[in-house]
Amino acid sequence: MNASLIIFFVLAAVAIFGAVSLILQREPIHSALSLIVVMVALAGLYLLLGAEFVAAVQIIVYGGAIMVLFVFVIMLLNAGEEERTDFSKLATFGGIPLALALAGLIAAALTRSTGYLPAAAPHGDLTSTKTLSMLLFKDFAYPFELTSFLILVAILGAIVLAQREN
Amino acid sequence: MNEFLTHYAFLIVPIIKVAILLFLVLTVDAYLTWLERKVVAHIQARWGPYRVGPHGLLQPVADGLKFILKEDPMPAGVDKIAYFLAPFLTLMLALTSLAVIPFGPQHFTVWGYETYVSIADLNISLLVLFAITALGVYGVVLAGWGSNSKYSLLGGLRSSAQMISYELALTLSVVGVLLLAGSFSLRGIVEQQAQSSRGLLGWNIFPQIIGFLCFFTAAIAETNRVPFDLPEAESELVAGFHTEYASMKFAMFFIGEYTSMLTVSCLCTILFFGGWLSPFPLSWTFTQFLPAVLLILFGLWLIYDGIRYETLFGRLLLPGVGVALLALGGALFAFPMINGYIQGPFWFLAKVFVFLFAYIWMRGTLPRFRYDQLMSFGWKLLLPVSIANVVLTAAAIFFWGKP
């Protein structure tokens, strides 16, 4: 057991704990806090892989900006404790079999695996911010611009929905 | 024993450094409250703390004792997780952010382990700082939500809206500096400013004056200080998000706020004012005796002031400290090696002190913004100006190359 493996398992456990807690918490604000724990644990995993820039951006964008917005909306609407319903028909007849099938699929894949997954071939020095931005703004400039256009469409949609009242 | 030390130096040395930094930062925070009360008092033509110790110098100790001894009541109906998490989160993140600040140029070897005058020397230290700032919002938000009080909730809401709005301008205003330095490392940014041996003129403040103004304004808003202290506007919200906190938990918010002030001052120094670099050209070697001369002058003044002090304790303590400072100044003249070593930290701390003073100065002189003024200032002025600064800097580098 080397140190990085121990850190990996600790971070993975924290991430899974946060994800389960996210579903089980009844207060929306506790669910949001659990999601922040997941985000920070994921950032730790990225750091472990040597992707420092991605780890920092993960915390700044997801842990900071997006989750603050979630928490802000929850506070603004003063959302109370959620109401629990019994299993709906869709959950009983659609959800449970699908969940079991997925679990079986993962179990089958794990038992048949030969032990080691082939590591992704590193494309240049991906850890450096310079290489990353070169890829993003030069080689993949069109997909990048298209994605930002998609976000612009979403913003316009939000404005249209907000304006409908008046 | 020696073998043990060399083997585990990578673990022991950082722990010692963390302990030293924590001690220094908490002391500086305590005396920052003293300085703030003194400066604001003199701005308002009062004396400020004067009773506890000579010139009120023991006031922080008395305040600390009071924080520890006070009762810590918990209001009814609080959200326990959020209520307890908030002060710890605020203090922890504020202290963590100081870990990436480099205080001086030297690197030295302890037990075969090479280390710097900073806790961590990362490639992405600036991004780490922004990540910590981004998480810092939660301390305020959770305190506001968890306290089960309308004043706290309103304070928390205001604060989260304010911090989201100003974080954009804060991050964008630094991009100009990053373009000039070509590095996210704070050490790298300072070293880039050292390349021209013109001293003062090589600093980023000259090409990046717009960036600096945006950065400092946004940073004051991020730290919830006057004139952006709406989350704790006394006349409207009692004490805002920390209304329901008492004793040590309140102290944690307080220390967190002062530590953030310290971090912002350090960042301004590093990004725009050359960090540990001397403002004088390298050829002016006689300026390296400036710290010693200042120490001796301050020591002489302390003795002069101390012998006329009202209380006997003051008449003993102030001249005593003065003599110690004189001895220290003399030692700097006598041992040129030590003198060379403290040059970096001296300039760094001197610049940080100027920014801390500016913070307090602003608190003493400026009125508070109204909420709508705050929002329109952040979104309609600060953000466009910082974006324009990025475009201008990029265009200048593209056409004329780096200075």
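Start in this predicted model by selecting helix α5 (residues 150-181) and helix α7 (residues 209-222) of chain B, whose axes come within 8 Å and cross at roughly 150 degrees. That angle makes α5(B) roughly antiparallel to α7(B), and the crossing of the two helices is left-handed. To see where they meet, show the side chains of α5(B) that include Gln162(B), Met163(B), Tyr166(B), Glu167(B), Ala169(B) and Leu170(B), together with those of α7(B) that include Gly211(B), Cys214(B), Phe215(B) and Ala218(B). Further along the contact, Ser173(B), Val174(B), Gly176(B) and Val177(B) are among the residues given by α5(B), and Ala219(B), Ala221(B) and Glu222(B) are among those given by α7(B).

Keep α5(B) on display and add α4(B). The axes of α4(B) and α5(B) come within 7 Å and cross at roughly 170 degrees, which makes α4(B) roughly antiparallel to α5(B). On the α4(B) side the meeting residues include Leu126(B), Phe130(B), Thr133(B), Ala134(B), Val137(B) and Trp145(B), and on the α5(B) side they include Ser152(B), Leu153(B), Gly155(B), Gly156(B) and Leu157(B). Met163(B), Glu167(B) and Val174(B) are among the α5(B) residues that meet α4(B), and these three are also among the α5(B) residues that meet α7(B).

Now select α4(B) alone. This helix has 22 residues and reaches 32 Å from its first C-alpha to its last, close to the 32 Å expected at 1.5 Å a residue. How many of the residues of α4(B) are buried? The count is 22 of the 22, so α4(B) is largely enclosed by the rest of the structure. Just past the helix, select Asn148(B), which follows α4(B) and has a positive phi, near 55 degrees.

The next stop is the boundary between the chains, where 20 residues of chain B are in contact with 16 residues of chain A. On the side of chain B that touches chain A, the elements giving two or more residues are α3, α4 and α5 of chain B, and the largest share, 9 residues, comes from α4(B).

With α4(B) still selected, bring in helix α3 (residues 52-77) of chain A, since the axes of these two helices come within 8 Å and cross at roughly 20 degrees, which makes α3(A) roughly parallel to α4(B). The crossing is left-handed. Residues of α3(A) to label here include Phe53(A), Ala56(A), Ile59(A), Ile60(A), Gly63(A) and Gly64(A), while on α4(B) they include Leu127(B), Val128(B), Phe130(B), Ala131(B), Ala134(B) and Leu135(B). Phe130(B), Ala134(B), Val137(B), Val141(B) and Trp145(B) take part in this contact with α3(A), and they are also among the α4(B) residues that meet α5(B).

Move next to helix α3 (residues 80-97) of chain B, which has 18 residues and reaches 26 Å from its first C-alpha to its last, close to the 26 Å expected at 1.5 Å a residue. Where in α3(B) does the kink lie? Zoom in on Ala86(B), where there is a kink of about 30 degrees, shortly before the proline Pro87(B). Both Ala86(B) and Pro87(B) are among the buried residues of α3(B), as are Tyr83(B), Leu89(B), Leu91(B), Leu93(B) and Leu95(B). The buried residues of α3(B) pack against α2 (28-48) of chain A together with α1 (2-43), α4 (125-146) and α9 (247-272) of chain B.

For an exposed position in chain B, select Ile68(B) in helix α2 (residues 59-69); Ile68(B) counts as exposed because it has 10 C-beta neighbours inside 10 Å, against a limit of 12 or fewer. A distance drawn from Ile68(B) to Ser183(B) spans 43 Å, C-alpha to C-alpha, for residues 115 apart in sequence.

Finish with chain A as a whole, which comes to 6 helices and 0 strands, and in which buried residues make up 14% of the 166 residues. Among its contacts between residues at least 6 apart in sequence, 49% join residues at least 24 apart. In helix α4 (residues 89-112) of chain A, pick Leu105(A), which is exposed, with 10 other C-beta atoms within 10 Å. The C-alpha atoms of Leu105(A) and Leu24(A), 81 residues apart along the chain, are separated by 25 Å. Last, select helix α6 (residues 141-163) of chain A, whose 23 residues should span 33 Å at 1.5 Å a residue, in agreement with end C-alpha atoms 33 Å apart. Is α6(A) largely enclosed or largely in the open? The number of its residues that are buried is 0, so α6(A) lies largely in the open.

Definitions and conventions
Residues are numbered from 1 along each chain as its sequence is written. Chains are lettered from A and ligands numbered from 1 in the order in which they are written. This is a predicted model: local features need pLDDT of at least 70, side-chain atom pairs count only at pLDDT 80 or more; totals for chains, interfaces and linings use all residues. Helices (H or I, at least four residues) and strands (E, at least two) are DSSP runs, numbered from the N terminus. A residue is buried if 20 or more other C-beta atoms lie within 10 Å of its own, exposed if 12 or fewer, and partly exposed in between; C-beta atoms are placed from the backbone. Two residues are in contact if their C-beta atoms, placed from the backbone, lie within 7 Å. The expected span of a helix is 1.5 Å times one less than its number of residues. The bend at a residue is the angle between axes fitted to the seven residues ending there and the seven starting there. Axes are lines fitted to C-alpha atoms, for helices over the stretch in contact, and angles run from 0 to 180 degrees between N-to-C directions. Angles under 35 degrees count as roughly parallel, over 145 as roughly antiparallel, 65 to 115 as roughly perpendicular and the rest as oblique. A crossing is left-handed if the near helix is turned anticlockwise from the far one by less than a right angle, and right-handed if clockwise.
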